[in-house]
Amino acid sequence: MLYWLMKHIFLGPLLKLFFRPRIIEGAENIPKEGGAILASNHLAVSDSFFLPLKLSRRVTFPAKIEYFTGKGVKGALQRWFFSGVGQVPIDRSSASAAQGALDTGVRIVREGKLLGIYPEGTRSPDGRLYKGKVGVAWIALESGVPVIPVAMFGTDKANPIGSKMWRPHPIRIKIGKPLDFSRYEGLSGDRFVLRSITDEIMYALMELSGQEYVDVYAAKAKEEQGDPKRPGGDVDRLPGTKAG
């Protein structure tokens, strides 16, 4: 109930008024029922708000557990807000915690729901598309659901890195055709298969978004540079396709 109140009464109308979000391509690629993974590029925190706003079905996003563990009134309001916009807490502090997060993703799509996920693992520090993590591939193989690539445009202008206030800016969304990985059924334990699937997803995102691709993890780039505005790393290869 809180999700729909946030979407249609408390938050959604304001976002529509100031940002005019719209799907410019591929709305028909979202299934009317059944589980699916929406794999999106990640330009800003606001990505998780604008995509669900434009879909009739509920979308559940995993979010870092810190959003749900705050103390006092601020912590309570934060938990209420992130729960209301359809996010579930995940703990990535250890290998076992990370596996728990993946298991949660599988459970969500097996229940016939839409799972929103960012293969890059963290927000892009400079608007480029970074190397994907293989968790999305593992969830896809374990659950057997399709992966639908999604490209967000303009959210980094509306919600710039480090900004405390959002700025009115048109938001556009492109939704690609579903990717079927049933040919890899039973191979979720093969790290080479997981890497191949993840690269195929990132290639689809690169084509859909038009972003420059960087074969480095976004978190690593942020760590090495210390400057979120311009991490290093040249484009030394494209993510693999079915043929590559």
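**Exercise 1. Place Ile171 in the fold and decide whether it is buried or exposed.**

Step 1: Start with the address. Ile171 sits in the loop that runs between helix H7 (155–158) and strand E8 (172–175). Keep in mind that we're working with a predicted model here.

Step 2: Check the accessibility. The cut-off for buried is under 20% relative accessible area. Ile171 comes out at 0%, so it counts as buried.

Step 3: See who surrounds it. Skipping residues up to four places away in sequence, Ile171 touches Phe19, Arg20, Pro21, Arg22, Phe50, Met152, Phe153, Gly154, Thr155 and Ala158.

Step 4: Look at one of those partners, Arg20. Arg20 is in a loop too, between helix H2 (12–19) and strand E1 (22–25). Its phi is near 45 degrees, a positive value in a residue that isn't glycine.

**Exercise 2. Find which residues have the most contacts inside the largest nonpolar core, and which elements give two or more residues to it.**

Step 1: Take the core itself. It has 28 residues, and those with the most contacts inside it are Ile37, Ile139, Leu141, Val147, Phe181, Ile197 and Ile201.

Step 2: Map it onto the elements. Two or more residues come from each of strand E2 (36–40), helix H5 (95–110), strand E5 (114–117), helix H6 (135–143) and helix H8 (191–209). H8 gives the most, with 8 residues.

Step 3: Zoom in on Ile139. Leaving out neighbours within four places in sequence, Ile139 is in contact with Ile37, Leu102, Gly105, Val106, Val109, Leu115, Ile117 and Gly144.

Step 4: Don't stop at one core. Apart from this one lies another, of 24 residues, among them Met6, Leu15, Ile148 and Ala158.

**Exercise 3. Check the length of H8, work out how enclosed it is, and describe both ends.**

Step 1: Do the length check. With 19 residues at 1.5 Å a residue, H8 should span 27 Å, and its end C-alpha atoms are 27 Å apart, so the two agree.

Step 2: Count the buried residues. That gives 14 of the 19, so H8 is largely enclosed by the rest of the structure.

Step 3: Inspect the ends. At the N-terminal end, Asp190 acts as a cap, with a side-chain oxygen 2.9 Å from the backbone nitrogen of Phe192. After H8 comes Gly210, with a positive phi near 75 degrees.

Step 4: Back up into the loop between E8 and H8, where Asp180 lies. Asp180 is exposed, at a relative accessible area of 52%. A polar atom of its side chain lies 2.9 Å from the backbone nitrogen of Ser182.

**Exercise 4. Describe how H1 and H4 pack.**

Step 1: Pick the descriptors. Two packed helices are described by the angle between their axes and the distance between the axes.

Step 2: Read them off. The axes of helix H1 (residues 2–10) and helix H4 (residues 72–84) come within 8 Å and cross at roughly 80 degrees. An angle of 65 to 115 degrees counts as roughly perpendicular, and H1 and H4 are therefore roughly perpendicular to each other.

Step 3: Name the residues. Leu2, Tyr3 and Met6 in H1 meet Trp80, Phe81 and Gly84 in H4.

Step 4: Look at H4 on its own. Its buried residues are Gly75, Phe82 and Gly84, and these pack against H1 and strand E4 (87–90). Just after H4, Gly86 takes a positive phi of about 90 degrees.

Definitions and conventions: Residues are numbered from 1 along each chain as its sequence is written. This is a predicted model: local features need pLDDT of at least 70, side-chain atom pairs count only at pLDDT 80 or more; totals for chains, interfaces and linings use all residues. Side-chain values use heavy atoms; hydrogens and water are left out. Helices (H or I, at least four residues) and strands (E, at least two) are DSSP runs, numbered from the N terminus. Buried means under 20% relative accessible area, exposed over 50%, partly exposed in between (1.4 Å probe, protein chains only). Contact means heavy atoms within 4.5 Å. A nonpolar core is a set of buried Ala, Val, Leu, Ile, Met, Phe, Trp, Tyr and Cys residues joined through side-chain atoms within 4.5 Å. The expected span of a helix is 1.5 Å times one less than its number of residues. A polar contact is a pair of N or O atoms within 3.5 Å; within protein, one must be able to donate a hydrogen and the other to accept it, and residues adjacent in sequence count only if both atoms are side-chain atoms. Axes are lines fitted to C-alpha atoms, for helices over the stretch in contact, and angles run from 0 to 180 degrees between N-to-C directions. Angles under 35 degrees count as roughly parallel, over 145 as roughly antiparallel, 65 to 115 as roughly perpendicular and the rest as oblique.
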